[in-house]
Amino acid sequence: MRQKVSVIGAGNVGATVAQRLAEMDLADVALVDVVEGLAEGKALDLSQAGPVLGYDSRVEGSTDYAVTAGSRVVVITSGLARKPGMSRDDLVTANAKIVGEVTGAVVERSPEAILVVVTNPLDVMTELALRVSGLPRGRVVGMAGILDSARFRSFLAAELGVSVRSVEAYVLGGHGDSMVPLRGATSVAGVSVMRLLPAERLEEIVQRTRDGGAEVVRLLKSGSAYYAPGAAAAQMVEAILRDRGRILPCAVRLEGEYGVQGVVVGVPVKLGAAGVEQVLEVELSTEERSELERSVAAVRETVAVLG
Ligand code: TXD
């Protein structure tokens, strides 16, 4: 049987996720947007790339959630993106309304689906989707850590003149200014970057990683990043559909892990057919642990806005 993945929001990130999924020939894709014609137009365009690139994924676009029925995974990207000078948290009220409505609409038609949340502020929107859907935590997972880690990896690879494939890095915590790029656990072929780079240079790269989204927003002047976010969300979908059991940093509600109760933040998880199948606890330095605590507190504060 063909599998279906729905992508809600046919804007920059949504369309890029749909494109990646189709090009991987992973599933049929249903694209939904409130803007009349947008999802339909992009879906048609993507369908017409199939013969050139050789994929058979069917891509259907609509304003009507009927097209999403029976999805295995639903990726939620609908909502406003940051403008220069804005923080992700500035989006909370407007996007809570959108993500709340969308979650209700998709779960009604795809009660078995796993939800991958992308909309900002990421950790808070993941918490909201959990509450609205009533699903267990393993089936509502946020995308941010793969992106933040990819930024960290790309900066480190360029600095050290090695392939991005040889750099293993984890960025944990909330997807905001207080995210926690791990130093000790970040390595090149098993050698910690703390031994490969002077401490000040490593801290500069850590800071550039934290500001990675804002750097792109500033350059683009309208809209925020979407190639790397789209690729990251598609990687999560692939891990679920192919039951890979990949260990990826994703946002999940902690229930005691890392000493945190009832807050969504990014940590390494095992992602497979059931969604988040395990939360992994990596060893943190005292400094990293207090950074994580600060990040958790920042997420808690924004969650409070939801009421
Ligand atoms: O790491 C991450 N999690 C992120 C998050 C990385 C990049 C972008 N991140 C956030 O994703 C960003 O801050 C936004 O909150 C979302 C979507 O970003 P994108 O760049 O795709 O924004 P666009 O291009 O403005 O697209 C949003 C689309 C747009 O077409 C709207 O018409 C649509 O969302 N939209 C809706 N669709 C369906 N239903 C409703 N209610 C709706 N409201 C808006």
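How many nonpolar, polar and charged residues does the shell around the ligand have? Keep that in mind as you select the ligand and everything around it; what you have open is a predicted model. The shell breaks down into 17 nonpolar residues, 10 polar ones and 1 charged.

**Stop one: the ligand's surroundings.** There are 28 residues around the ligand, and the ones to label are N12, V13, D33, L80 and M143, which come nearest. If you have a pocket display, switch it on: the largest pocket is the space that the ligand takes up.

**Stop two: the polar contacts.** Pick D33 and show its side chain. An N or O atom there sits 2.6 Å from an oxygen atom of the ligand. Now go to M143, but look at the backbone: one of its N or O atoms is 2.8 Å from a ligand nitrogen. Then click on V34, where a backbone N or O atom is 3.5 Å from a nitrogen atom of the ligand. With those contacts on screen, try a surface view: the ligand taken alone exposes 860 Å², and the protein buries 87% of that.

**Stop three: who builds the shell.** Colour by domain. Domain 1 (4-142) and domain 2 (145-306) each give the shell at least three residues. Next, select the helices α1 (12-23) and α3 (92-109), each of which supplies at least two shell residues. The largest share is from α3, with 3 residues.

**Stop four: two backbone oddities.** Most peptide bonds are trans, and most residues other than glycine have a negative phi. Zoom in on N120 and P121, then: the peptide bond that joins them is cis, with omega about -5°. You'll find P121 in the loop between β5 (114-117) and α4 (122-133).

For the other one, select A189. This residue is not a glycine, yet its phi is positive, about 50°. A189 belongs to the loop between β10 (187-188) and β11 (191-192).

Notes: Residues are numbered from 1 along each chain as its sequence is written. This is a predicted model: local features need pLDDT of at least 70, side-chain atom pairs count only at pLDDT 80 or more; totals for chains, interfaces and linings use all residues. Side-chain values use heavy atoms; hydrogens and water are left out. A residue is near a molecule or strand if one of its heavy atoms lies within 4 Å of it. A polar contact is a pair of N or O atoms within 3.5 Å; within protein, one must be able to donate a hydrogen and the other to accept it, and residues adjacent in sequence count only if both atoms are side-chain atoms. Accessible areas come from the Shrake-Rupley method with a 1.4 Å probe; for residues, only the protein chains shown count as cover. On a 1 Å grid over the protein atoms alone, a cavity is a set of points where a 1.4 Å probe fits but cannot get out, and a pocket is an open set with protein on both sides within 12 Å along at least five of seven lines; lining residues have an atom within 4 Å of a point. A molecule sits in a cavity or pocket if more than half of its atoms lie within 2 Å of its grid points. Helices (H or I, at least four residues) and strands (E, at least two) are DSSP runs, numbered from the N terminus. Ala, Val, Leu, Ile, Met, Phe, Trp, Tyr, Cys and Pro count as nonpolar, Asp, Glu, Lys and Arg as charged, and the others, Gly among them, as polar. Domain bounds come from an automatic or database domain assignment.
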